[in-house]
Amino acid sequence: MTAQASFSNYIDTHAEAFIKRLGEAVAIQSISSDARRRQDVIVMGNWLNGQLHQLGVETKLVDLGTHEMQGQTLQLPPAIIGRLGSDPAKKTVLVYGHYDVQPALKSDGWDTDPFTLVVDEDSGRLIGRGSTDDKGPILGWLNVIEAHKNLGIAMPVNMRFCFEGMEESGSEGLDECIEEEVKKGKEGWFDGVDCVCISDNYWQNTRTPALTYGLRGIAYFSINVSGPGQDLHSGLFGRTVHEPMTDLIKLMSKLVNHNGNILIPGIDEMIPRPDDDELKLYQVMDYTTADIEQAAGGKVALSEDKTVVLMGRMREPSLSLHGIQGAFSDPGCKTVIPAKVGGKFSIRLVPPQTPEKITPLVNAYLESEFAKFNSKNKMQVEYLHGGKPWVADVKHWNFEAAKKAIEAVYKKTPDYTREGGSIPVTLTFAESLGVNVLLLPMGRADDGAHSTNEKLDRTNFIQGSKVLGTYLYEVAAAA
Ligand code: BES
Ligand code: MN
Ligand code: MN
């Protein structure tokens, strides 16, 4: 057997142990956006660090300092920088992943406990928070290393690692950490990195593996409206005062229309129309409106035309309304006039848009619309966080290597996709290291990242681990 074949075989024969390890990871409630769970994020970082050590990876934990969240000063979870191998004759691949997860409560509508990995034998689903985003993919890399270590075969490439615990909350402190490591040059651990691979997104459907060459950026805002000194009784003050919520709802309704068109002047207009070649890319993709509706769990696609839907996600900006802070939202019928409300929305960005370019347009539009209300309330637009969009060169050997790996494992040609989601650190790696970055997804479109009953299919975990390893062999073989 070739080294590659015994590696593949090891993955198959150790699937149960790998799933058990995923269960251990899922059980740690590493929710970065909840101050009460911050210690669990740190525990998760230590757990991952311990696993890496056991597998022979040299690591250092980078203290990213503290930050303010929910009125508290909190320790940031550490970035884990790792290295395995320093053979000058081999290529060096840097891998990124995040060990934090989105919040989850059984009462959100989960069928099982979100932090107990449930193996559904009938469907083959591994269900639990973080299974697909992003603990499964991170553990995929560990599976690859373990196979090589226990089989006593050398890794085909040198590896470098960068794992963080704040991705779901804006990757606080990470850009600086990466830039500093790069700046150290020969003394730094990212010296000599030839390419980057990130497994933190999903196939476009449930059938066809994908390689991803683009991500949208994001700009996240809050519209804060206030006026009264405290919450008011609507019986005493209704039709008597300017109500913040009324102003806010009216403003929020002016951001986007029901077709998804962005109503802020100048934002949709920034994007060049697709030419025929680009249109063709979407037309030939293995994708249907049914796929989006299956993933969404409802017949709610904006169009019956798959090209329109695909372009909406991959090459168009989008604006989503997320919620209203300070609004009465508990059960019951409290007759309150909230004194201060914050409407949250974000805009997903595509080239040439950046948060810097669109923020002035957002501010100017909301201010001019608010002025039309003649309201005595105060309105202030707050920019909360953001990241630039990213597009990569798919002709690079890094993408070629991944294509070969997918063909070898899945016997299928991958879809080339641009994603609607954002991983701001992608651009940081591309720019600070000056190398090609590849997104190599493990999970499927219907995994339900961020949602209830998040899952990773067992086959995606196992075959996906093989893809990651095979990709390293293909990188090693690349010219
Ligand atoms: N894994 C996702 C990124 C992603 C989502 C890629 C969907 C492709 C499709 C990542 O964990 C994530 O949730 N990112 C946030 C980033 C934000 C907080 C800056 C996102 O996209 O909302
Ligand atoms: Mn993720
Ligand atoms: Mn996520």
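**Exercise 1. Is Glu 369 buried or exposed, going by its relative accessibility?**

*Solution.* One thing to keep in mind throughout: this is a predicted model.
- Start with the location: Glu 369 belongs to helix H11, which covers residues 355-373.
- Next, look up the accessibility. Glu 369 comes out at 10%, and the cut-off for buried is under 20% relative accessible area. So Glu 369 counts as buried.
- Finally, check what the side chain touches. It makes a polar contact of 2.8 Å with the side chain of Lys 372.

**Exercise 2. Work out which residues hold the manganese ion (ligand 2), and what kind of site they form.**

*Solution.*
- List the protein donors first. They are His 98 through NE2, Asp 133 through an OD atom, and Asp 200, which is listed with OD twice. Their distances to the ion run from 1.9 to 2.7 Å.
- Now put them on the chain: the spacing reads H-x34-D-x66-D.
- Then turn to the geometry. Six donor atoms surround the ion, with angles of 53 to 165 degrees among them, and the site is irregular.
- Next, ask what the site connects. Asp 133 sits in helix H4 (residues 131-151), while Asp 200 is in the loop between strand S9 (195-198) and strand S10 (210-215), so this pair ties together parts 67 residues apart in sequence.
- Last, check the burial of that pair. Asp 133 has 5% relative accessibility and counts as buried; Asp 200, at 6%, is buried too.

**Exercise 3. Do the same for the manganese ion (ligand 3), then find the residue that bridges it to ligand 2.**

*Solution.*
- Donors again: Asp 133 (OD), Glu 168 (OE, listed twice) and His 450 (NE2) coordinate the ion at 2.1 to 2.6 Å.
- Along the chain, the pattern is D-x34-E-x281-H.
- For the geometry, the six donor atoms subtend angles of 54 to 151 degrees, which makes the arrangement irregular.
- The pair Asp 133 and Glu 168 links distant parts of the chain: Asp 133 is in helix H4, and Glu 168, 35 residues away, is in the loop between strand S8 (158-164) and helix H5 (174-183). Both residues are buried.
- And the bridge? That's Asp 133, which coordinates both manganese ions; the two ions lie 3.4 Å apart.

**Exercise 4. Describe the surroundings of ligand 1, from its nearest residues to how much of it the protein covers.**

*Solution.*
- Begin with the shell. There are 16 residues around ligand 1, and those that come nearest are Glu 167, Asp 200, Arg 348, Ser 422 and His 450.
- Sort the shell by class: four residues are nonpolar, six polar and six charged.
- Then go through some polar pairs with oxygen atoms of ligand 1. Glu 167 places a polar side-chain atom 2.7 Å from one, and His 450 does so at 2.8 Å. For Asp 133, an N or O atom of the side chain is 3.1 Å from a ligand oxygen.
- Now the coverage: on its own, ligand 1 has 510 Å² of accessible area, and the protein covers 88% of that.

**Exercise 5. Decide how enclosed helix H13 is, and see what comes right after it.**

*Solution.*
- Count the buried residues. In H13 (residues 425-433), seven of the nine are buried, so the rest of the structure largely encloses this helix.
- Name them: Val 425, Thr 426, Leu 427, Thr 428, Phe 429, Ala 430 and Leu 433.
- Step past the end of H13, and you meet Gly 434, with a positive phi of about 65 degrees.

Terms used:
Residues numbered from 1 in each chain as written. Chains lettered and ligands numbered in written order. Predicted model: local features only at pLDDT ≥ 70, side-chain atom pairs only at ≥ 80, totals over all residues. Heavy atoms only, no water. Donors = N, O, S within 2.8 Å, 3.2 Å for Na, K, Ca; no water. Tetrahedral: all angles 85-135°; square planar, octahedral: opposite > 155°, others 65-115°. Helix = DSSP H or I, 4+ residues; strand = E, 2+ residues; numbered from the N terminus. Buried < 20%, exposed > 50% of the residue type's maximum accessible area, 1.4 Å probe, protein only. Near = heavy atom within 4 Å. Polar contact = N/O pair within 3.5 Å; in protein donor to acceptor, adjacent residues only side chain to side chain. Areas by Shrake-Rupley, 256 points an atom, 1.4 Å probe, with all protein chains shown as cover. Nonpolar A, V, L, I, M, F, W, Y, C, P; charged D, E, K, R; others polar.
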